[in-house]
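The following exercises are to be worked with the sequence and the coordinates at hand. Each task is followed by a solution in steps.

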Amino acid sequence: MIYDLVLLHPPTVYDFRKEMLFTGPISDVVPSSPVFEMYPIGLTSIGDYLERFGLKVKIVNIANRMLLDERFDVERKIKKLKARAFGIDLHWLAHAHGSIELAKIVKKYHPETPVIFGGLSSTYFHKELIQYPCVDFVVCGDTTEKLILLLLNSLEKESTHEFSKIPNLTWKSDHQYYYNEMTYVPNSLDEFDFPGYRYVIRSVFKYFNLLDPLPYKGWIQYPNTGILTSKGCTYNCLICGGSRDAYSMNCHRKKIVMKSPKKMIEDIAFIQRFTRAPIFLLNDIRQGGKEYVEEFFSGLEKMELKDELVFELFNYADDGFFKRLHKAIPKYSIELTLESGDENLRRLNGKLPCTNEKIVETLKAALNNGCSKIDLFFMIGIPGQDYQSALKNVDFCEYIHKRCGEDQRISYFIAPLSPFLDPGSPAFENPEQYGYKKFCNTLEDFRQAVRQPSWKNMLSYETTSMTRKEIVKATYDSAKKLNQFKFDHHIIDKAVYEEVNHKILKSIEFLERIEVLSSLPLEEQKRELASIKEEVEFINRHSICGQNELKWEVKKLFANMPSLTYIGLELLVKEIANSLKCKLGKVDRHMVSIGNSKVTTQHK
């Protein structure tokens, strides 16, 4: 089969299976592994949108395929793929190395096939990315579905003149680089299906492959799902690449845009057809305003909600909010990224910029109004934080625990800001102003950093208060102290306590060993590092918290295979009907436009 577009998701480092990488705790509080095999939900939205016009789009999660099978041959897979274009995501900067290496492999076997990059990190580094011989186009911005359709249409015409008409596009021709003005910033999200679970399920049956589009390792067993509620942000957290200033500078998005309550409810209704795992609502829905929240809650009340919903809160909430939430939803949980127990540091950074008393009041209100689970996240490496301040986060956990009646529904987590300081964030753009020293500035800097054998040397920054070595020490000392607190208060059992404690001690030992090995001649260093690779890989996952601490206790957690099959066949029938419309000319992809976006091309 010849695909119109094949979307590839890379691992962090290619080939991580051969290199010894002590990634430590960098992925302990996210669903995916240190390979960051979970692809951005934008890939599914692109696939869904393009297939509405009769195009064939396939997602291949290369990172996950490599994780699932150590014998999986990436080059053989890519060589066999036949496509009119390849797309590679560089959304999270952790994929800086793997994405480029994957593009090189594509060009090795398909030298004449265009390679397209996209994502927030691609947008930030578009001028540097386009200079790599293996990259032909960079589609910039936070919403690129229509732009990619226009690009595929232009590629058919084989005229470079057509490329200059597409906004947000960086491209090259005859050794010249062109940067089309970023003027396409849609103010509505409802036209696009993200996350595109309909597309993923349909593609399994359409292309007869279950493994290629799986979101991450273990998804079938624990099918976490998420709904992106907005793009842009009303908050301006200093270390966040998705902050208000970062979106404005990087994507020219001057104000937040929310997915409509109606569309969110449709997505929830679809997701609960195939899973009972919790549905995460990404970003604080209160950014849409009181009327928006009320419309959403009213809609939820009218549906037969079976799945648990997990809400992010960016600021405190009062009793009235939780009463209304509990009335609308039979089961819900919340997540708060406090980052610090120091009120002044929170105000400086911009995340939950309220008093500690307000935090406690928020937690009590949630617990008193039926909240099933509360996850609290603290961070090491934020502006103004020193070693002692980092350790005091655990004292704040104990304070919260006592003030909330030692309620076991609250879980506590600490993790480092790693591996990188987000490009586009206020702290990255103004490091001296906010107390940072950067070790990485260019894309190539980040590509080399992620290949370092230890996560200490992967860190792209240090602060005026802590060196990289001190950030690592603060991370492990805080984690050890938090682990003890959890055990003492019966939040975790003895087995989890001992496993985490063992992994922390081994992690510190490995850091010291790797430090010694770094002084050896290169070949000897490689041999010694290879000898500890297997041990390190065991320590890499869940090194500072228990494997199941972030998970929800849910009956029938596995994805419902009969339901998935029924949904897949149902979607396939609709796909056949849509394809027929496209063939009859009732749906014409060449008629798609982007309104009155102005395009001004700069070239170098």
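**Exercise 1: The surroundings of helix H9**

The buried residues of H9 pack against H1, strand S3 (57-61), strand S10 (225-228), helix H11 (261-271) and H24. The model is a predicted one. Determine which residues of H9 are buried, and classify the packing of H9 against H24 by angle.

*Solution.*

Step 1. Buried residues have under 20% relative accessible area. In H9, this applies to Tyr197, Tyr199, Val200, Ile201, Arg202, Ser203, Val204 and Lys206. Since 8 of the 10 residues of H9 are buried, the helix is largely enclosed by the rest of the structure.

Step 2. The axes of H9 (residues 197-206) and H24 (residues 561-583) lie 8 Å apart and form an angle of about 85 degrees. H9 is therefore roughly perpendicular to H24, as angles of 65 to 115 degrees fall in that class.

Step 3. On the H9 side, the contact involves Arg198, Ile201, Arg202, Phe205 and Lys206. On the H24 side it involves Leu564, Thr565, Ile567, Gly568, Leu569, Leu571, Leu572 and Glu575. Sorted by class, the contact of H9 with H24 has 7 nonpolar, 2 polar and 4 charged residues.

Step 4. The backbone just after H9 deserves a note: Phe208 takes a positive phi of about 55 degrees there.

**Exercise 2: Cysteines**

State how many disulfides are counted, and describe the settings of Cys134 and Cys237.

*Solution.*

Step 1. A disulfide requires two cysteine sulfur atoms within 2.5 Å. By this rule, the count is 0 disulfides.

Step 2. For Cys134, the nearest cysteine sulfur belongs to Cys140 and is 16 Å away, and Cys134 is in no disulfide. Cys134 has a relative accessible area of 6%, so this residue is buried.

Step 3. For Cys237, the nearest cysteine sulfur is that of Cys240, 6.0 Å away, and Cys237 is likewise in no disulfide. Cys237 counts as buried because its relative accessibility is 6%.

**Exercise 3: Two individual residues**

Place Thr23 and Glu528 in the secondary structure, and decide for each whether the residue is buried, partly exposed or exposed.

*Solution.*

Step 1. Thr23 lies in the loop that runs between strand S2 (5-9) and helix H1 (42-51). Its relative accessibility is 7%, so Thr23 counts as buried. With neighbours within four places in sequence left aside, Thr23 is in contact with Pro34, Trp455, Met458 and Asn540.

Step 2. Glu528 belongs to helix H22 (residues 522-531). A relative accessible area of 35% makes Glu528 partly exposed. Not counting residues up to four places away in sequence, Glu528 touches Leu517 and Leu520.

Step 3. Glu528 and Phe413 are 115 residues apart along the chain, and their C-alpha atoms are separated by 33 Å.

**Exercise 4: The chain as a whole**

Decide whether the radius of gyration agrees or disagrees with that of a compact globule, and describe the contacts by sequence separation.

*Solution.*

Step 1. The chain contains 24 helices and 20 strands. Its C-alpha trace spans about 70 × 65 × 45 Å along the principal axes.

Step 2. For 604 residues, a compact globule would have a radius of gyration near 25 Å; the chain has 24 Å, so the two agree.

Step 3. Of the 604 residues in the chain, 61% are buried. Among contacts between residues at least 6 apart in sequence, 77% join residues at least 24 apart.

Technical notes:
Residues are numbered from 1 along each chain as its sequence is written. This is a predicted model: local features need pLDDT of at least 70, side-chain atom pairs count only at pLDDT 80 or more; totals for chains, interfaces and linings use all residues. Side-chain values use heavy atoms; hydrogens and water are left out. Axes are lines fitted to C-alpha atoms, for helices over the stretch in contact, and angles run from 0 to 180 degrees between N-to-C directions. Helices (H or I, at least four residues) and strands (E, at least two) are DSSP runs, numbered from the N terminus. Angles under 35 degrees count as roughly parallel, over 145 as roughly antiparallel, 65 to 115 as roughly perpendicular and the rest as oblique. Contact means heavy atoms within 4.5 Å. Ala, Val, Leu, Ile, Met, Phe, Trp, Tyr, Cys and Pro count as nonpolar, Asp, Glu, Lys and Arg as charged, and the others, Gly among them, as polar. Buried means under 20% relative accessible area, exposed over 50%, partly exposed in between (1.4 Å probe, protein chains only). The radius of gyration is taken over C-alpha atoms; the globule rule is 2.2 Å times the number of residues to the power 0.38.
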